[in-house]
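Work through the exercises below with the sequence and the coordinates open. Each task is followed by a solution in steps.

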Amino acid sequence: MPGKVYLIGAGPGDPDLLTLKAYKIIKKSDVVLYDRLIDKSILKKIPKGIKKILVGKSPGEDSDILQNKINELIEKYYNEGKIVVRLKSGDPFLFGRGGEELEFMKQRNIDFEVIPGITSAIGVPTYIKLPLTHRNYSSSVMIIPGHLKRNNVINWEIVSKFDGTIVILMGISNIEEIMNNLISHGKDENTPVCVIHYGTTKKQKIVKGNLKNIVEIVKKNKIKAPGIIVIGKVVDLLD
């Protein structure tokens with residue numbers, strides 16, 4: 001008999017932010033296919049006897065080739081009658097290629113269920129007491145990736161004119177280009193910016209600045225990926 005697949009979001013990093021439902025399913029699984037950024041404390045909670053396979057992308061690795069391998073593993077273990085957990089960072093459907101895995105499983109009539117996770121786009125700012133919305137500062141939020149699939153581009157003119165809070169995921173390595181694009185498309189260079197490195201974890205580091213100086217601040221503090229960038233008036237609420 002075929003098994004079942006669970007597409008699970010592990011949350012923004014802190015293992016205590018993994019949902020109860022996610023943990024219950026992980027404990028009864030046969031195989032866990034996990035991303036590179038899954039916290040080691042979460043992996044330690046997985047009972048012995050459950051097969052754990054790292055499927056996270058390494059620097060320089062072709063993401064399309066890797067995704068094909070992940071899909072093959074999902075189908076392989078499902079057809080063997082296994083309970084398969086595909087454990088993804090944050091929420092499975094926000095910039096995590098979870099939608100592509102959903103399409104793959106639908107095409108092959110694989111029985112699956114999706115368990116939401118706390119996305120870092122919201123969970124990380126909340127964790128550091130930074131509200132993304134506030135009726136005196138911002139009533140809306142835009143979430144965008146710091147880089148896109150080849151041949152796709154971000155419409156910086158639209159982004160720069162957005163008056164709410166902007167959250168950028170996977171943008172640390174491109175932060176200089178991002179800030180230059182925002183400023184060159186008309187965003188006020190004094191707009192507050194916050195960068196959170198390894199949010200909700202023991203490695204968490206926070207720096208503040210504005211569009212014109214945040215790159216220098218990030219370099220000075222040796223902030224590297226992973227991290228998120230928050231742009232907007234709400235950043236002034238951060239101590």
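The exercises concern a predicted model and go from the whole chain to its sheets and helices.

**Exercise 1. Describe the overall dimensions of the protein chain and decide how compact it is.**

Step 1. Count the elements: the protein chain has eight helices and ten strands.
Step 2. Compare the radius of gyration with the globule rule. The value is 19 Å, close to the 18 Å that the rule gives for 239 residues, so the chain is as compact as a globular protein of that length.
Step 3. Take the extents of the C-alpha trace along the principal axes, which are about 60 × 35 × 35 Å.
Step 4. Add burial and contacts. Of the 239 residues, 47% count as buried. Among contacts with a separation of 6 or more, 67% are between residues 24 or more positions apart.

**Exercise 2. Work out the strand order of the open sheet with parallel pairing, and find its edges.**

Step 1. Trace the five strands: the order is S3-S2-S4-S1-S5.
Step 2. Look for strands that pair on one side only; these are S3 (51–54) and S5.
Step 3. Average the twist, which comes to 20 degrees from one strand to the next.
Step 4. Inspect one pair. S1 and S5 run parallel and are joined by four bridges, and Val-5 stands opposite Phe-112 in S5.
Step 5. Place a helix on these strands. Helix H4 (residues 98–107) lies across S1, S4 and S5, and runs at about 170 degrees to S1.

**Exercise 3. Determine which residues of helix H1 are buried and what they pack against.**

Step 1. List the buried residues of H1 (residues 20–27), taking under 20% relative accessible area as the cut-off: Ala-22, Ile-25 and Ile-26.
Step 2. Check their directions around the axis. They cover an arc of only 100 degrees, which puts them on the same side of H1.
Step 3. Turn to the other side of H1, where Leu-20 and Lys-24 are exposed.
Step 4. Find the partners. The buried residues of H1 pack against strands S1 (4–9), S2 (31–34), S4 (83–88) and S5 (112–115).

**Exercise 4. Work out the order of the open sheet with mixed pairing, and explain why one side of each edge strand lacks a neighbour.**

Step 1. Trace the five strands, which follow the order S6-S7-S10-S8-S9.
Step 2. Identify the edges. S6 and S9 (205–210) each have a single partner strand, so one side of each is left without a neighbour in the sheet.
Step 3. Average the angle between neighbouring strands: 20 degrees, direction ignored.
Step 4. Inspect one pair. S7 and S10 are antiparallel and joined by four bridges; Leu-169 has Ile-228 of S10 as its bridge partner.
Step 5. Add helix H7 (residues 175–184), which packs on the sheet and touches S7, S8 and S10. The direction of H7 makes about 15 degrees with that of S10.

**Exercise 5. Characterise helix H5, from its start to the residue that follows.**

Step 1. Begin at the start of H5, where a side-chain oxygen of Thr-119 reaches to within 3.2 Å of the backbone nitrogen of Ala-121.
Step 2. List the buried residues of H5 (residues 120–127): Ser-120, Ala-121, Gly-123, Val-124 and Pro-125.
Step 3. Find what these pack against, namely S6 (141–145), S7 (165–169), S8 (192–197) and S10 (227–231).
Step 4. Orient the helix: H5 lies across S6, S7, S8 and S10, at about 75 degrees to S10.
Step 5. Finish with Lys-129, which follows H5 and has a positive phi, near 70 degrees.

Terms used. Residues numbered from 1 in each chain as written. Predicted model: local features only at pLDDT ≥ 70, side-chain atom pairs only at ≥ 80, totals over all residues. Heavy atoms only, no water. Buried < 20%, exposed > 50% of the residue type's maximum accessible area, 1.4 Å probe, protein only. Helix = DSSP H or I, 4+ residues; strand = E, 2+ residues; numbered from the N terminus. Arc of directions from axis to C-beta. Contact = heavy atoms within 4.5 Å. Polar contact = N/O pair within 3.5 Å; in protein donor to acceptor, adjacent residues only side chain to side chain. Pairing = 2+ DSSP bridges. Axes fitted to C-alpha atoms, helices over the stretch in contact; angles between N-to-C directions. Rg over C-alpha atoms; globule rule 2.2 N^0.38 Å.
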